[in-house]
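Colleague: I am in my first year and would like to go through this model with you slowly. Could you explain each term as we meet it?

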Amino acid sequence: MKPLLLQATFVLAAGLAAAPLRAQAAPADIPAAVPEAVGVDSGRLVQLSEWIRRDKLDVRSLLVVKDGKLVFERYASGVDRDSNHELYSVTKFVSALLVGTLVGDGKLADTDPVAPRLAAARPDLTPALADKKAIELRHLMSMSSGLSYKLVEGTDTLYYGVKDRLAVAAGAGVRSAPGSDFDYIDVNPVLVGATVAQAAAQAEDRYARSRLFEPLGMAHYRWDGADGRGAVSGGWGLRLRSIDMAKLGQLMLQRGRWNGHQVVPESWVQRMTMPSGPATDYGYYTWVNNIVKSEHEFGAMGFKGQFITVLPQHNAVVVMNSIMSTDGGLRDAKYLQLYRRMVNEFVLPALRPAAPAVASAEREAALRRELELARQTQGVPGTALAFNDNPEH
């Protein structure tokens, strides 16, 4: 979730480089329903949208899915369902899902040491990886690898125009024993993405297309920022439509199943969403009870305000793409505080109304009117825009 002004990527062996991925035909998406049809109070969602407009928050999209039905789909001016968005660290969540598919295929285990695999694919990096033999895949995905990396804003070679990102990550220092402490650093997903490519025998973005994006009927996706070797990073650079982010949340809610097929093993979904290593609020690239404390909740979070939030108790998913203030630390940034308020003070009350939610012409008209006003409103970015922050159409 660090400020990434350039998304970058890498491949492990010659011949794996590929052009950015795009799906051309828009598939069928999550079916829509009137909120009250599934017991949701649309009035609370209207109030949420009004607050966003009143405070001019730069919320580009906000979706709520309940019982597999899209009940709230809010877009700001210049944005629609087919816009894709830079996901920042939500990309890590996708990498964890890809690891799960390889675990299901018997090609990986979360206890696998990563250094031998990467050294076999890149013998030139064997010396740099020699002090990392104790690091297992689970340590990287729980941000407890013990590696040390200092970000240099504006000139950092892990992000900006890097020729070989894996070489940069392999050269990171070892600060502590694997599994001993939590440190959210971006060399970890670089090594995970490289391991996915090695185990899948193809670039991570190509593998994602066949094992995740196409099975879930995604459209207009792109994994941006290849490095000089043509590989994508496992930690950032993915662009998805908000509706496709909601599909990822729904996939997790359904324990890895989609349209009757087990896309990701159920046991892996459970593993991703359990606190791992030294952190009590972090699984495998998945935040646990980061947004809601009163009930089980898990999901993904990206820099500036990108979220997939899964609420199992309500069979619901919330998705947001925004550009809000990044002031504050990892666990208490302003964008995170605002989103917590949105979910806890508006979405949850909408999902569990004090009185039964009954559909009416007046309620439907109020919701339509507010969504139209949202489409005419442009929020004010809460932080500086990078080149990749505008939605793509």
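Modeller: Before we begin, two strands are said to pair if DSSP finds at least two bridges between them, and helices (H or I, at least four residues) and strands (E, at least two) are DSSP runs numbered from the N terminus. This is a predicted model, in which local features need pLDDT of at least 70 and side-chain atom pairs count only at pLDDT 80 or more, while totals for chains, interfaces and linings use all residues. Residues are numbered from 1 along each chain as its sequence is written, and side-chain values use heavy atoms, with hydrogens and water left out.

Colleague: Which residue in strand 12 is the bridge partner of Gly299?

Modeller: Strand 11 and strand 12 pair in the antiparallel sense, and 5 bridges hold the pairing. On its other pairing, strand 11 runs antiparallel to strand 10 (residues 287–288) over 2 bridges, where Trp287 has Gly299 as its bridge partner. In strand 12, the partner of Gly299 is Thr309.

Colleague: How many residues of strand 11 are buried?

Modeller: Buried means under 20% relative accessible area, exposed means over 50%, and partly exposed lies in between, with a 1.4 Å probe and protein chains only. One side of strand 11 carries Phe298, Ala300 and Gly302 and the other carries Gly299 and Met301, and all of these are buried. The number of buried residues in strand 11 is therefore 5 of 5.

Colleague: Is Lys304 buried or exposed?

Modeller: Lys304 sits in the loop between strand 11 (298–302) and strand 12 (306–311), and in this hairpin, with 3 residues between the strands, Lys304 takes a positive phi near 85°. Contact means heavy atoms within 4.5 Å, and, leaving aside residues up to four places away in sequence, Lys304 touches several residues, including Tyr88, Tyr335 and Asp389. Because its relative accessibility is 4%, Lys304 counts as buried.

Colleague: Which strands stand at the edges of the sheet with the order 3-7-6?

Modeller: This is an open sheet of 3 strands with antiparallel pairing. Strand 3 is joined to strand 7 (residues 238–241) by 3 bridges, and Glu86 has Arg239 as its bridge partner in strand 7. The edge strands each have a single partner strand, so one side of each is left without a neighbour in the sheet, and they are strand 3 (84–86) and strand 6 (222–223).

Colleague: At about what angle does helix 9 run to strand 7?

Modeller: Axes are lines fitted to C-alpha atoms, for helices over the stretch in contact, and angles run from 0 to 180 degrees between N-to-C directions. Helix 9 (residues 242–253) lies across strand 3 and strand 7, and the angle to strand 7 is about 95°.

Colleague: Which three residues supply 34% of the area that domain 1 buries against domain 2?

Modeller: The domain bounds come from an automatic or database domain assignment, which gives domain 1 (31–81 + 303–383) and domain 2 (89–280). Buried area is the accessible area (1.4 Å probe) that two parts lose on being put together, summed over both, and between these domains it is about 1400 Å², with 73% given by carbon and sulfur atoms. The residues that supply 34% of domain 1's share, more than any other three, are Arg81, Ile308 and Leu330.

Colleague: How many salt bridges are counted between domain 1 and domain 2?

Modeller: A salt bridge is a side-chain nitrogen of Lys or Arg within 4 Å of a carboxyl oxygen of Asp or Glu. Although 21 residues of domain 1 are in contact with 16 residues of domain 2, the count of salt bridges between the two domains is 0.
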